[in-house]
Amino acid sequence: MAHASHLLLTANFHQKAIFLSSNCLHFRNTTPCVRGTVFVVCRAPKRKDGFSVVCSAADKPSPSTEISSNARIRSEVLTPFRSVRMFFYLAFIASGALGGLISTTQLIAALSSPSKGGSVPEILKSVGIDLAAVSVFAFLYLREQNAKNAQLARLSREESLSNLRLRVDEKKVIPVSDLRGIARLVILAGPSSYIMDSFRLSKSFTESLLERGVLVIPFVTDGDTPSFDFEENEEEKNLVEKKKRLWQLRPFYTAEWSKWVDEQKKMAKVSPEAPVYLSLRMDGRVRGSGVGYPPWGAFVAQLPPVKGLWSGLLDGMDGRVL
């Protein structure tokens, strides 16, 4: 009797599980803290016994510090002969090490045999040359490797930045990469007071900055919402619209922005509380950064206008990459 009851309960449970599996709802959570996490929620219509099952599963995104294949491909494109140089450096190191090994065995044999004592100076000279060659090419190889690692870290940083998202208005959200070739972005990261001070300092440069394709991304780190003072009057209506355009972008998924900014501060050995700015080139690569207020006047003096004689010709060539 007990066995029959157990079979009945098991069959009833399986029946409910099958019923629930047909009513599963899959959705992707897009909140800032857990973006990229996939939840599988199983719901059943309300029944008298109140039976329901909720299950979830998460796919963790890869860490931002991992070098992607795209970054490696871009590195090869930017420095196509680096791999060739490193290959020859390794070949020369191996050749010098082999020559040094052979010379060392000859030196041991010469020192152990009085009849070969006259060849010791020549063998020592050969050993010295081999050691010098190994040292020089090892230094060159390590220098290339360090430069490669630094370049990959920079490209990975730029790729992570290009994947961050911006809110243009209430209905439009875009990745940073969509503005590549269109705008020169200036990212401000700091407390609300820092953002407001930067806003006030930029007022006299508004038109010149827009002529150079500059758009500002204010990222507030203290949780306060800055209130931009756009003076509405008929005389300055055109200027007010330009100010709003200059400061229209807002970070979306602020947790991801915070993580990216913290990583950049850590790489630059800057205090986590320090307000910083980053200036991007037209091609989306970092051209400048610093602690404190952005030099709006320097941007106007250094950057070419996006319209006119040099439009298109100098796109992306507005400063060396950091």
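Modeller: Before we start, one definition: buried means under 20% relative accessible area, exposed means over 50%, and partly exposed is anything in between. Keep in mind that this is a predicted model.

Colleague: Why is Asp283 called partly exposed?

Modeller: Asp283 has a relative accessibility of 25%. Partly exposed covers the values between under 20% and over 50%, so the term applies to Asp283.

Colleague: What makes the contact of Asp283 with Arg281 a salt bridge?

Modeller: A salt bridge needs a side-chain nitrogen of Lys or Arg within 4 Å of a carboxyl oxygen of Asp or Glu. The closest N and O atoms of Asp283 and Arg281 are 2.5 Å apart, so the pair meets the cut-off. Arg281 itself is buried, with a relative accessible area of 9%.

Colleague: Which residues are joined into one network by salt bridges that share partners?

Modeller: Arg82, Arg85 and Glu144 are joined in that way.

Colleague: How many salt bridges does the structure hold, and how do you know that Glu144 and Arg85 form one of them?

Modeller: The structure holds seven salt bridges. The side chains of Glu144 and Arg85 meet at 2.8 Å, N to O, and the limit is 4 Å, so the pair counts. Glu144 lies in helix H4 and Arg85 in helix H3 (residues 82–112), so this salt bridge ties together parts that are 59 residues apart in sequence.

Colleague: Are Glu144 and Arg85 buried or exposed?

Modeller: Glu144 has a relative accessible area of 9%, and since buried means under 20%, Glu144 is buried. Arg85 is partly exposed, at 33%.

Colleague: What separates Asp197 and Arg200 along helix H5?

Modeller: Asp197 and Arg200 are three residues apart in helix H5 (residues 192–202), and therefore separated by about one helical turn. Their closest N and O atoms are 2.3 Å apart, in a salt bridge. Asp197 has 24% relative accessible area and Arg200 has 46%; each value counts as partly exposed.

Colleague: Why is strand S5 called mostly covered?

Modeller: Seven of the seven residues in S5 (residues 184–190) are buried. Arg184, Val186, Leu188 and Gly190 point one way from the strand, while Leu185, Ile187 and Ala189 point the other way.

Colleague: Which strands pair with S5, and in which sense?

Modeller: S5 pairs with strand S6 (residues 214–220) in the parallel sense, over seven bridges. Gly190 of S5 stands opposite Val220 in S6. S5 and strand S8 (residues 276–280) run antiparallel, joined by four bridges; there, Val186 stands opposite Ser279. Two strands pair if there are at least two bridges between them, so seven bridges and four bridges both pass.

Colleague: What makes an empty space a cavity, and how many are counted here?

Modeller: A cavity is a set of points where a 1.4 Å probe fits but cannot get out. The count comes to two cavities of 30 Å³ or more. The largest has a volume of about 80 Å³, and its lining includes Glu158, Val176, Leu185 and Arg281.

Colleague: Which element gives the most to that lining, and how do its residues divide?

Modeller: Helix H4 (residues 120–163) gives the most, with three residues. The lining of the largest cavity divides into six nonpolar, three polar and three charged residues. Glu158 and Arg281 are among the lining residues, and Glu and Arg count as charged. Leu185, which belongs to the buried strand S5, also lines this cavity.

Methods:
Residues are numbered from 1 along each chain as its sequence is written. This is a predicted model: local features need pLDDT of at least 70, side-chain atom pairs count only at pLDDT 80 or more; totals for chains, interfaces and linings use all residues. Side-chain values use heavy atoms; hydrogens and water are left out. On a 1 Å grid over the protein atoms alone, a cavity is a set of points where a 1.4 Å probe fits but cannot get out, and a pocket is an open set with protein on both sides within 12 Å along at least five of seven lines; lining residues have an atom within 4 Å of a point. Grid points are joined across faces, edges and corners, and a volume is the space filled by probe spheres set on the points. Buried means under 20% relative accessible area, exposed over 50%, partly exposed in between (1.4 Å probe, protein chains only).
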